[in-house]
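Before the discussion goes further, here are some notes on the structure for a colleague at the bench. Please read them with the sequence and the model side by side.

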Amino acid sequence: MIILKKRILFFLIMFLLIFIFNANVAAQSELAMSIRNHLLVIEEYEGMFPENEDVNFYQQLKEFYEQRHYQSIWLKEEQFRRNPEALVEEIKNSYDEGLNPEDYHLEYIEENTRYQELFEEGSLKKRALLDILLTNAYLSLASDYLNGKIDAEIIIEDYSYQPDNLEAQNLLKLLLEEKDVAQTLQEQLPQIENYKKLKQKLADYRNPEKIKEWTQIAPGDLLAEDAEGQRVSQLISNLNSRNYLNQAQIENDDYFDRTVKKAVVRFQMNHGLNADGVVGDKTLKALNVPLDHRIKQIIINMERWRWLPEDLGSRYIYVNIADYNLKLYENNQVIMEMKTIVGQEQRSTPVFSDTIKYLVINPYWYVPKSIAVKDKLPQIKKDYNYLKENNYSLFKYMGDSELKEIDPAEVEWSKINEDNFNYLLRQNPGDQNALGKIKFMFPNKFSIYLHDTPGRYLFSETDRSFSSGCIRIEKPVDLAEYLLQDQEKWNRDAIESEMKKDKEKTVYLNNPIKIYIQYNSAWVDSLGNLNFREDIYNRDQKIINEYFKSL
């Protein structure tokens, strides 16, 4: 009798376990089916989901869920399989990276993860959509951390962008392995110090206890030492709000004394202005840029770092167009720095990266047609001797790309215009050559390169956007010596000796070097000072308009 009771009890327990198991399987099947149905609808709407929650990575999610037979990633039958709080916290932290947490379904996720009846029978669809949106939020945040929120090439026509590979499926597999979600996401962010320092400054500029909204300074005459009045008071308040001086230590808050002048000089240095301690038009304009715009400027420059590859290399050249500056890095240390001259606004220098493979000593300059007809032709029409006086040779296209050198006197220049300009201008090596004595080549679709210049006086200017797109550099011989240091025959004396020959010579590098030509209008310098530069090409504003359009 006892044995019979034990057998009955055993079968009852087994029946209950099988019933519960089958019920759980059924529940999981229903959830999987609902996830599948939601993904089909999302695909039909191309990510524009009816619940007003856009799903950016619907194709990758459909593939991933399909591989798992649409099983839930985040939910079990009556509880969460994986705690979403770590993801929610990281979504909130994205604000510190200059991103908008609401772009990652934050409100929907918070509301529905706390929904009391989430695991009730009537909430099946809610659970399915929540699972999909949690996964999409994770992948969207990883993508924005790794490659930036917006596509650089959509915003800037002269931008060549090669994003890091997101490896979406690998990131999704990490969810299944129960890796630390926050750590996985943080690893997608730029690890370079330039980015981290900007992030800290963003926090400071958002903190009214550190940086306050500054007073606007009324327009008027120059403000200099010994000036006084209401505009000086506005200047002092403006500088005090961002910690360039301590207003409490100023005896007269409407008098421009030496302390105020020193603060103005510091401000000018951090904004790429002529550091004379005088508030003229350019300094006044920079002082009156509102705090909100400066915050946006910091954020979009963080975005620019997300556009760059994670690994810039152990040595590389970094040109900041907006700062008219070139730095040479080795093992994250600046070992050479020099001024640059970049393109005029209408002939702006593009943003891209490439590899310097060779340099040319005493280069010829083959004048681009656009420059030939717009800049050179008017001068030639005045006096064709302009060509000889400036060491140009004239060639005529004869058909099938054949060129024939001709005498400028043979051309009836009065009848030549942009439409019938069938000539090539070549400036020969020499002291007058527009490229100077050396050019550094990294063949690219923009036909941009670094080069010397005979107009060295221009490096003394504060604003240096004078070129036709290429980048003139202050110390070409120093750079050439560095790049050829592993070739014994090309020491500095040999380079300078070759430069005197006025004969073109190409020298290939044994170790080509990566070059990044970028446009950074905000950064933190080696002294910890936040620097801003004027948006000389109006690129900041284009990015700001796109980046913040959803806010």
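Is A409 buried, partly exposed or exposed?

1. With a relative accessible area of 41%, A409 is partly exposed, where buried means under 20% relative accessible area, exposed means over 50%, and partly exposed lies in between (1.4 Å probe, protein chains only). A409 sits in the loop between β7 (402–406) and β8 (423–427), and its C-alpha is 71 Å in space from that of I250, a residue 159 positions away in sequence. Helices (H or I, at least four residues) and strands (E, at least two) are DSSP runs, numbered from the N terminus.

2. The basis of the note should be stated plainly. This is a predicted model, in which local features need pLDDT of at least 70 and side-chain atom pairs count only at pLDDT 80 or more, while totals for chains, interfaces and linings use all residues. Residues are numbered from 1 along each chain as its sequence is written, and side-chain values use heavy atoms, with hydrogens and water left out.

3. Two further pairs of residues can be compared in sequence and in space. I156, in the loop between α6 (152–155) and α7 (168–176), is buried at a relative accessible area of 4%, and it is 195 residues from V351 in sequence but 8.8 Å from V351 in space, C-alpha to C-alpha. E78, in the loop between α2 (58–67) and α3 (85–93), is exposed at 65%, and its C-alpha is 44 Å from that of D311, with their positions 233 residues apart in sequence.

4. E78 also belongs to a surface patch of negative charge, together with E30, E117, E120 and E121. Such patches are made of residues with over 30% relative accessible area and no salt bridge, like charges being joined within 9 Å. Within this group, E120 lies in the loop between α4 (106–113) and α5 (124–147) and is partly exposed, with a relative accessible area of 46%.

5. Helix α10 (residues 230–241) has 12 residues, which at 1.5 Å a residue should span 16 Å, and its end C-alpha atoms are 17 Å apart, in agreement with that value; the expected span is 1.5 Å times one less than the number of residues. Because 9 of the 12 residues are buried, α10 is largely enclosed by the rest of the structure; among the buried residues are R231, L235, I236 and L239.

6. Two residues deserve a look at the backbone. N362, in the loop between β4 (352–361) and β5 (365–366), has a positive phi near 55° although it is not a glycine, and it is buried at 1% relative accessibility. D502, in the loop between α17 (492–499) and β13 (505–518), likewise has a positive phi of about 55° without being a glycine, but D502 is partly exposed at 38%. Most residues other than glycine have a negative phi.

7. The whole structure contains 24 salt bridges, each being a side-chain nitrogen of Lys or Arg within 4 Å of a carboxyl oxygen of Asp or Glu. K210 and D204 form one of them at 3.3 Å, N to O, with K210 partly exposed at 40% and D204 buried at 14%.

8. E481 and R492 form another salt bridge, their closest N and O atoms being 2.9 Å apart. This pair links helix α16 (residues 476–483), which holds E481, to helix α17, which holds R492, across 11 residues. Both belong to a network of salt bridges that also includes D478 and E496.

Conventions
Patches are made of residues with over 30% relative accessible area and no salt bridge: like charges are joined within 9 Å, nonpolar side chains (Val, Leu, Ile, Met, Phe, Trp, Tyr) within 5 Å. Accessible areas come from the Shrake-Rupley method with a 1.4 Å probe; for residues, only the protein chains shown count as cover. Lys and Arg count as positive and Asp and Glu as negative; His and the chain ends are not counted. The place of a charge is taken as NZ of Lys, CZ of Arg, CG of Asp or CD of Glu.
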